[in-house]
Amino acid sequence: MTAHKIAVIVGSLRQASYNRKTANALTALAPESLVLESLDISKLPMYNEELDDTPPEEWVIFRTALKACDGFLFLTPEYNRSIPGVLKNALDVGSRPYGKSAWKGKPAAVISVSPSAIGGFGANHHLRQCLAYLDVPTMAQPEAYIGDAAKRFAEDGTLTDESTRKFLGEFIVAFADWVATVKG
Ligand code: FNR
């Protein structure tokens, strides 16, 4: 069985991020067919097309890492009913130069995590809108809106809510199937 390398992209820079904690829980739950590797988006300079004649080293490293992986797992907070700017910047950096997008054609899944009850629905779907344009085949079901996040983790970041663990376990297995389907 070939293991697929999946870049985990978290749209929060907080040390104590619930999205990061969820990503960590998923890494422990992933089947052997997926190798999850976190990609850092915190150091990417803001996208400016004029810089792309001689792109910043951080952009080159990020694009190379995206091209080396088989798919993407996004975890996003919701900021003002959309995705955080740092995540949008990462999407933009990876999408250029024009015609050389590092996102195109690779399978992805989206999870939104929020302390609010709605679970980041707005951000989840704004991200899906970008991914549709970027020609990223994104898993439709199961959807993942993790609300009330503060109640689901212990102080040390451990996932303590069993129903969330069960859901995430099913989610990551469904994603492994989706990756296998898209990658053929
Ligand atoms: C938020 N937060 C928030 N939450 C939400 O459910 N819907 C929203 O529209 C917003 N808007 C928003 C804007 C800004 C600028 C901030 C800083 C925060 C709260 C947000 O869900 C909360 O800070 C989460 O803890 C962020 O995710 P991480 O960092 O825990 O992964």
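**Stop 1: helix H5.** Select residues 162-183 of this predicted model. You now have helix H5, with 22 residues, and from its first C-alpha to its last it reaches 31 Å, close to the 32 Å expected at 1.5 Å a residue.

Next, colour Thr 164, Leu 168, Gly 169, Phe 171, Ile 172, Phe 175, Ala 176 and Val 179, the buried residues of H5. Where do the buried residues of H5 fall when seen down its axis? They keep within an arc of 165 degrees, so they line one face of the helix. A general point helps here: an α-helix has 3.6 residues a turn, so residues three or four places apart point the same way.

Now give another colour to Glu 162, Ser 163, Lys 166 and Thr 181. These are exposed, on the face of H5 turned away from its buried side. To find what the buried residues pack against, show E1, helix H1 (18-29), strand E2 (34-38), E3, E4 and strand E5 (145-146). Before leaving, click on Gly 184, just after H5: its phi is positive, about 70 degrees.

**Stop 2: the nonpolar cores.** Select Phe 62, Phe 72, Phe 74, Leu 91 and Trp 103. In the largest nonpolar core, which has 26 residues, these touch the most other members. Several elements each supply at least two residues of this core, including strand E1 (4-10), helix H2 (57-67) and helix H3 (85-95). Zoom in on Phe 74, whose contacts farther along the sequence than four places include Ile 9, Leu 87, Trp 103, Val 110 and Leu 131. Apart from this core lies another, of 25 residues, with Ala 25, Ile 146, Phe 153 and Phe 171 among them.

**Stop 3: the ligand.** Select the ligand and the residues around it. How many residues surround the ligand? There are 13, and the closest are Ser 12, Arg 14, Ser 17, Glu 78 and Ser 114. Try these distances in your viewer:

- From an N or O atom in the side chain of Asn 19 to an oxygen atom of the ligand: 2.7 Å.
- From a polar backbone atom of Asn 80 to a nitrogen atom of the ligand: 2.8 Å.
- From a polar side-chain atom of Ser 116 to an oxygen atom of the ligand: 3.2 Å.

**Stop 4: Ser 114.** Finish in the loop between E4 and H4, where Ser 114 lies. Is Ser 114 buried or exposed? Its relative accessibility is 9%, so Ser 114 counts as buried, the cut-off being under 20%. The side chain of Ser 114 reaches the backbone nitrogen of Ser 116 at 2.9 Å. Farther along the sequence than four places, Ser 114 is in contact with residues including Gly 119, Ile 146 and Asp 148.

Notes. Residues are numbered from 1 along each chain as its sequence is written. This is a predicted model: local features need pLDDT of at least 70, side-chain atom pairs count only at pLDDT 80 or more; totals for chains, interfaces and linings use all residues. Side-chain values use heavy atoms; hydrogens and water are left out. A nonpolar core is a set of buried Ala, Val, Leu, Ile, Met, Phe, Trp, Tyr and Cys residues joined through side-chain atoms within 4.5 Å. Buried means under 20% relative accessible area, exposed over 50%, partly exposed in between (1.4 Å probe, protein chains only). Helices (H or I, at least four residues) and strands (E, at least two) are DSSP runs, numbered from the N terminus. Contact means heavy atoms within 4.5 Å. The expected span of a helix is 1.5 Å times one less than its number of residues. The arc is that of the directions from the helix axis to the C-beta atoms. A residue is near a molecule or strand if one of its heavy atoms lies within 4 Å of it. A polar contact is a pair of N or O atoms within 3.5 Å; within protein, one must be able to donate a hydrogen and the other to accept it, and residues adjacent in sequence count only if both atoms are side-chain atoms.
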